[in-house]
Each structure stands twice: as C-alpha cells, then as structure tokens.
Amino acid sequence: MSRPREPALADLEAEAARRRPAFGRDAHVLCDNLVRIYKTEGVEVVALQGLDLVIDAGELVAIVGASGSGKSTLLNVLSGLDVPTAGVARVAGVDLLSMTARDRLRYRREVVGFVWQQTTRNLLPYLTAAENVELPMRLAGGRRRRDRAARAGELLELLGVADRARLRPGEMSGGEQQRTAIAVALANAPKVILADEPTGELDGETSEEVFAALRRVNRELGVTAVIVTHDPAVAGQVDRTVGIRDGRTSSETLRRASSDGRIVAEEYAVLDRAGRLQLPRDFTAALRMERRVRLALERDHIGVWPQDAEGEPGGAADGPEPGGEERGGAVSGPGRTGDG
Ligand SMILES: Nc1ncnc2c1ncn2[C@@H]1O[C@H](COP(=O)(O)OP(=O)(O)OP(=O)(O)O)[C@@H](O)[C@H]1O
C-alpha cells in the first residue's frame, strides 16, 4: 500500500489562502502592498512603500497627507497613468499591473474619470464647455452626435453650469471650469472619479461649490469618488478620510452622525495585514519613543511604552504597568493577561 502523500508547502499555503477571505476581495478600489520606486540618475525614491487601501463602490473618500507622502503617486497609479513597481492595484475589477496598452487606453477612457488641480489640464481652451464634455464620448465612439449633445447637456445641468455650455474655459470662472471638468470626467459614465486637489487653485467659497458638485455626482450617479486634498474643509465633509504618511496608509478618520445629530469624527491608526501600524509622530515625540517600544497585551487593549534608559518598561509613561511575565520581552500572549 502506498503511504499517504505529505502535504507540500504549496498545498498548505493554498489551503490557508482558501480559508482566509482574500484581502479586499469585494473592494471597488484595492491597493494591496503597493510599491512604487522611482529611479533617477541612480537614486531610488520609494514613493509608495507597501500601501494598502480598500474603497467600496459608491464611497466618497478623501486622501490627505503631507507634501511628498505619495498621494499623487497613488492617484497616478489608480488613473492608469503610472505603473506600480510591485503589489496589487485593482479598480472596478481591472488589474492595473497586467493591462496591455490597449486595455490601458480603454480603462482611462471608460472606467475612470479624473479632475486635476490645474483647470488648464482638464479642458481644451479652444472648445466650448459642451464640446469639452462631448470630446471623450467622441474619442470612445459608440454614441450618436445627438446622444452626445444630450448627455453633455444633462451633465452640465447636474453640475450647475448648463448656462455656460457655449462658453470657452477662458470665459468662465475657476469654479465653473472645475465643475465643467467634472462633467468631462463623467462623460463616458466611469465607475470611479479621481480628483487631485480639485479645489487647490480656488478660494474658500468656490472650492465649497466644487466639492458640493463632487458630492452630488457621488450621491446621484453612485460613482465612487477619491479626492486628494490639502483642504481641511473638504477633508472634514467626507465620511472617510485616509491619511498617507511615507508612502503608506497611516490613519483613517471616520465621520458619522451621533444620536443628537452632531457629526462625530473618530481617528484610527491603520493596522496593516502584517500587523504594522504607524504611531502618530506627536505621540512618539511626546514620550521620546525611538526605535524600540515595549508592548503588552491587556484584556481590551495593547499598551505601548517607551524603552527607558534602564531598559525597564513603564519608565516614561503614566499608566498601568505592562502585563506579562517576560520583563525582557514585554509582549504577553493571550491567556496570560488576555481573554483567551
Ligand atoms: N517622477 C518622479 N521621479 C522621481 N521621484 C518622484 C517622482 N514623482 C514623485 N517622486 C517622489 O516621490 C515621493 C512622493 O511624491 P508625490 O508627488 O506622490 O507626493 P504628494 O503627497 O502628492 O506630494 P504633494 O502634496 O507635494 O503633491 C516624493 O519624495 C517625490 O519627490
């Protein structure tokens, strides 16, 4: 009789993958361990360092972060303009790493729409607002002239600039140009709209109008919207703000209405699948945490302590002593201080 075959490592990995639901399996926008390295004159810049992001269909999400944190790199990848070095990037079921040139063209024409900060990048100066909106439809083909004109009219109406249809960009205000740009981005009924600082060149009141227009298309057309912004007024009005730091997702702020109708914002650190999280810089600076910290699993939280000069836990922080038996190791496992 032959002996039962020992399971190979690949079988065990496949089995483990079968049992665990795939990360972001149902997400509309998915970045899994996304890496983008730029190489210029022998110098490497790691703009995205294993970024994870999951956005559901129909969400309106703001992406915030300091200059150089990787926001534009992320948006360039999602818009199909740039190819990441490694990882997974998927939008509306399209794998952005394995697209052919033809797929990429179709993706950029039909699956995503974008709005850039510079109004001049969004609209052609010698076309009217209506002609600008019709242009992507003409390039994609498939619609009759009358249909294109009707759709352009509907979109300009939805964006509140129907009365500007016959004007060229130079004859419109900055806010009107950006609202027209949103209509252009929506021309081919994309599933996702990406906007990079769409209110960056506008004053407060006008930027509120443009943001309100983005919110309206998100709500009324159900299009998923991802907006990179420095504008606290924009970031403060979306349900979810994702903070990026050093090329990784570091925090999320969720906003919800409380029982008395007030909007409550709760900020969370993002825990990635490898168990990594970024502690806020002001927290680590306040407790002079550098390089090593001590961790302890408590019943309902994990304590983090700076390593003090003597190497004993709890040196600089007020609060409970870290639990656990191993003073040197400091991480107590479940069943010691934890529940299970
Ligand atoms: N084409 C490029 N070649 C080399 N390095 C680049 C390139 N584009 C971006 N970088 C670098 O990658 C990092 C992330 O840049 P990115 O533009 O994505 O940041 P950002 O958060 O959008 O910044 P900002 O808010 O200033 O636009 C930075 O260190 C930047 O210098």
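In this predicted model, Arg 90 stands opposite Asp 95 of strand E5. Strand E4, which spans residues 86–91, is joined to E5 by 2 bridges, and the two run antiparallel. This pairing belongs to an open sheet of 4 strands, arranged in the order E2-E1-E4-E5 with antiparallel pairing. E2 and E5 (94–95) form the edges of the sheet, each pairing on one side only. Helix H2 packs on this sheet and touches E1 (29–40), E2 and E4; the direction of the helix makes about 115° with that of E1.

Two of these elements also lead to the ligand. Strand E2 (43–55) and helix H2 (71–78) each supply at least two residues of the surrounding shell, and H2 gives the most, with 3 residues. The residues around the ligand include Val 45 and Ala 47, the run from Ala 66 through Ser 67, Gly 68, Ser 69, Gly 70, Lys 71 and Ser 72 to Thr 73, and also Tyr 38 and His 230. By class, the shell comprises 7 polar, 4 nonpolar and 1 charged residues.

Several polar atoms of the protein lie at short range from oxygen atoms of the ligand, within the 3.5 Å limit for a polar contact. A polar side-chain atom of Ser 67 is 2.5 Å from a ligand oxygen. For Lys 71, a polar side-chain atom lies 2.8 Å from an oxygen atom of the ligand. Gly 68 takes part through its backbone, where a polar atom is 2.8 Å from a ligand oxygen. The protein covers 61% of the 630 Å² of accessible area that the ligand has on its own.

Key
Residues numbered from 1 in each chain as written. Predicted model: local features only at pLDDT ≥ 70, side-chain atom pairs only at ≥ 80, totals over all residues. Heavy atoms only, no water. Near = heavy atom within 4 Å. Polar contact = N/O pair within 3.5 Å; in protein donor to acceptor, adjacent residues only side chain to side chain. Areas by Shrake-Rupley, 256 points an atom, 1.4 Å probe, with all protein chains shown as cover. Nonpolar A, V, L, I, M, F, W, Y, C, P; charged D, E, K, R; others polar. Pairing = 2+ DSSP bridges. Contact = heavy atoms within 4.5 Å. Axes fitted to C-alpha atoms, helices over the stretch in contact; angles between N-to-C directions.
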